[in-house]
Amino acid sequence: MKTDDLGFRIDTVADVLIPPTGSWPAPSELGVGADLVARLRGREREAIESAVSALSQYGGFESRANDERIARLRSFEQTNPDLFEALRRCVYYAYYAQPAVIRLLQSKGYDVNETPQPRGYHMDPFSADQVSGVDTQRRVWIPAESVGVKLRTAS
């Protein structure tokens, strides 16, 4: 699958998952698909490629009317929940990381930054009362060979 093709196909899905409304731009207007393809690591890329390929089994997703795209995406979600979740999560992360979306969120009063450093985020003043109940004297020792067993039973 060509990278350009993957970006276009992601944009098509992204426009269904995050439809433009009011001042919120469509993901395809922002180039979310190409941006996402450029940022994906190996395992993520494989998951997204698998999701987009599996979605193509629903026949011509990109050329369908929006109502049909929604129906096909819902069906895909039901039959391939893990692939759908990986695709949805990556699309959401890519969309809300776009500078235009960040500026829109800021204009609505949200404390988000394109790059959190060096300004960081607003935090309420720290008070020692918040940690007064923490027992600093308590010690827990678990033998190394039991760590996996203890964690599995605790889950």
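In which helix is I48 found? In this predicted model, I48 is found in helix α4, and this residue offers a convenient place from which to begin a walk through the chain. With a relative accessible area of 0%, I48 falls under the 20% limit and therefore counts as buried. Leaving out residues up to four places away in sequence, I48 touches L6, I10, L40, A86, L87 and C90. One of these partners, I10, stands 38 residues from I48 along the chain, and yet the C-alpha atoms of the two are separated by 8.5 Å.

Before going further inside, it helps to take in the chain as a whole. The secondary structure of the protein chain comes to eight helices and zero strands, so that, read from the N terminus on, the order of elements is α-α-α-α-α-α-α-α. The radius of gyration is 22 Å, which is well over the 15 Å that the globule rule gives for 155 residues, and the chain is therefore more spread out than a compact globule. The C-alpha trace spans about 65 × 45 × 25 Å along its principal axes. Of the 155 residues in the protein chain, 29% are buried. If one considers the contacts between residues at least 6 apart in sequence, 60% of them join residues at least 24 apart.

The confidence of the prediction deserves a word at this stage. The mean pLDDT of the protein chain is 84, and 91% of the residues reach 70 or more. Among the elements, helix α2 (residues 27-30) has the highest mean pLDDT, at 96, whereas helix α8 (residues 147-154) has the lowest, at 58. Where pLDDT is low, the predicted coordinates should not be read in detail.

We can now return to the interior. In soluble globular proteins, nonpolar side chains tend to be buried together. Here the largest nonpolar core holds 27 residues, and the members that touch the most other members are I10, I48 and L73. Two or more residues of this core come from each of α1 (3-17), α3 (32-39), α4 (42-56), α5 (66-79), α6 (81-96) and α7 (99-107). The contacts of L73, again without residues up to four places away in sequence, are V13, V16, L17, L55, F61 and F84.

One of the partners of L73, F84, leads on to the aromatic rings. A pair of aromatic rings is described by the distance of the centres and the angle of the planes. How many aromatic pairs does the count come to? The count comes to two. In one of them, F76 and F84 are arranged edge-to-face, with 6.5 Å from centre to centre and 65 degrees between the planes, and both F76 and F84 are buried. The other pair joins Y95 and Y96, whose ring centres are 5.0 Å apart and whose planes stand at 90 degrees, so this pair is edge-to-face as well. The surroundings of these two tyrosines can be set side by side: Y95 is buried, with a relative accessible area of 1%, while Y96, at 40%, counts as partly exposed.

Another part of the picture opens at T12, which is found in helix α1. T12 is buried, since its relative accessible area is 6%, and its side chain reaches the backbone oxygen of F8 at 3.0 Å. Apart from neighbours within four places in sequence, T12 is in contact with F61, E62 and R69. E62, for its part, lies in the loop between α4 and α5 and is partly exposed, with a relative accessible area of 25%. With residues up to four places away in sequence not counted, E62 touches F8, R9, T12 and R69. E62 and V13 are 49 residues apart along the chain, while their C-alpha atoms are separated by 8.1 Å.

A last stop is Q98, whose place is in the loop between α6 and α7. Is Q98 buried or exposed? At 7% relative accessibility, Q98 counts as buried, because the limit for that term is 20%. Its contacts, leaving aside residues up to four places away in sequence, are L30, V32 and D35.

How values were computed:
Residues are numbered from 1 along each chain as its sequence is written. This is a predicted model: local features need pLDDT of at least 70, side-chain atom pairs count only at pLDDT 80 or more; totals for chains, interfaces and linings use all residues. Side-chain values use heavy atoms; hydrogens and water are left out. A nonpolar core is a set of buried Ala, Val, Leu, Ile, Met, Phe, Trp, Tyr and Cys residues joined through side-chain atoms within 4.5 Å. Buried means under 20% relative accessible area, exposed over 50%, partly exposed in between (1.4 Å probe, protein chains only). Helices (H or I, at least four residues) and strands (E, at least two) are DSSP runs, numbered from the N terminus. Contact means heavy atoms within 4.5 Å. Rings of Phe, Tyr and Trp (its six-membered ring) pair if their centres lie within 6.5 Å; planes under 30 degrees apart count as stacked, over 60 as edge-to-face and the rest as tilted. pLDDT is the predictor's confidence in each residue, from 0 to 100. A polar contact is a pair of N or O atoms within 3.5 Å; within protein, one must be able to donate a hydrogen and the other to accept it, and residues adjacent in sequence count only if both atoms are side-chain atoms. The radius of gyration is taken over C-alpha atoms; the globule rule is 2.2 Å times the number of residues to the power 0.38.
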